[in-house]
Amino acid sequence: MNPASHAQGEPIVRIDKLNKHFGSLHVLKNIDLEVAQGEVVVVIGASGSGKSTLIRCVNGLEEFQQGALRVDGNDLKPDGKASQALQTIRTEVGMVFQQFNLFPHLSVRDNVTLAPMKVRGESRDKAEATAERLLDRVGIKDQADKYPTQLSGGQQQRVALARALAMEPRLMLFDEPTSALDPEMIGEVLDAMRELAREGMTMMIVTHEMGFAREVADRVIYIHKGEIVEQGKPEEVFDNPQNERTQSFLARVLKH
């Protein structure tokens with residue numbers, strides 16, 4: 001559980017009646033959601049329920065068709081309009097995907113320094129000092145001179161996390177960050193995310209790791225077929241779910 005006190009006032013994410021379609025498929029249906037500064041929100045649900053699409057809408061990777069979406073004071077318009085707001089959000093929101101998306105021809109250090117130098121115009125010295133600090137923070141400082149292919153999956157995902165943090169994001173989004181990892185590597189990535197939660201980073205996390213969700217979330221949201229059908233504190237959702245669809249989903253996943 002995140003000990004950071006949530007700042008009062010404007011939420012960092014505000015979603016009102018958001019609808020997303022892929023052709024005739026209605027993927028997100030009238031989503032209403034706010035995320036407070038310093039809050040850790042974990043999104044759970046079956047595959048294909050719209051979880052990943054939701055957080056991809058938050059940083060503009062997916063366009064939506066109806067509704068309103070405000071991220072850190074920047075309004076994203078339906079169908080990808082208002083590109084200045086989109087560019088601002090891209091620099092203020094960090095994202096870690098299922099796949100690591102590292103540049104194979106660049107060292108670990110250069111993967112982390114690239115965006116601060118190119119996007120923010122930081123000097124190489126400053127960017128490298130930041131990279132060293134962040135690689136130490138995620139426990140792989142000793143791998144800085146290696147290339148991604150020389151690392152384990154868990155190490156590569158921690159490089160991806162350091163790379164996202166190098167942009168000093170106000171919000172971190174995680175799209176099933178452990179789903180492509182071997183079981184023995186999952187823990188090291190979750191440990192790095194736990195540390196971020198302890199430090200008060202605002203996070204939206206899509207995950208199938210229910211034990212992790214129970215441990216780090218301030219709020220758990222269950223999505224079913226594009227709708228938020230239940231949300232609450234982890235102990236409320238996991239121990240006493242009110243919606244029968246939530247009950248059915250948890251009965252299946254918590255058996256394993």
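## Strand pairing and the largest pocket

Strands S1 (residues 13–22) and S2 (residues 25–35) run antiparallel and are joined by 7 bridges. The model is predicted. Within the S1–S2 pair, Val13 stands opposite Val35 in S2. The hairpin of S1 and S2 has 2 residues between the strands. Gly23 in this hairpin takes a positive phi near 60°.

S1 has another partner, S4 (residues 66–71). This pairing is also antiparallel. Here Ile15 stands opposite Leu69 in S4. The table sets out the two pairings.

| Strand pair | Sense | Bridges | Facing residues |
|---|---|---|---|
| S1 and S2 | antiparallel | 7 bridges | Val13 and Val35 |
| S1 and S4 | antiparallel | 5 bridges | Ile15 and Leu69 |

Now the pocket. The largest pocket has a volume of about 530 Å³. Its lining holds 18 residues, and the closest to the pocket centre are Arg90, Val93, Ala115, Arg163 and Met167.

Which elements each supply at least two residues of this lining? They are helix H2 (83–92), strand S6 (93–96), helix H3 (108–119) and helix H5 (153–165). H3 gives the largest share, 4 residues.

What is the make-up of the lining by class? There are 11 nonpolar residues, 5 polar residues and 2 charged residues. Arg90 and Arg163, both among the residues closest to the centre, belong to the charged class.

Notes: Residues numbered from 1 in each chain as written. Predicted model: local features only at pLDDT ≥ 70, side-chain atom pairs only at ≥ 80, totals over all residues. Heavy atoms only, no water. 1 Å grid on protein atoms, 1.4 Å probe; cavity = no way out; pocket = protein on both sides within 12 Å on 5 of 7 lines; lining within 4 Å. Points joined across faces, edges and corners; volume = space filled by probe spheres on them. Pairing = 2+ DSSP bridges.
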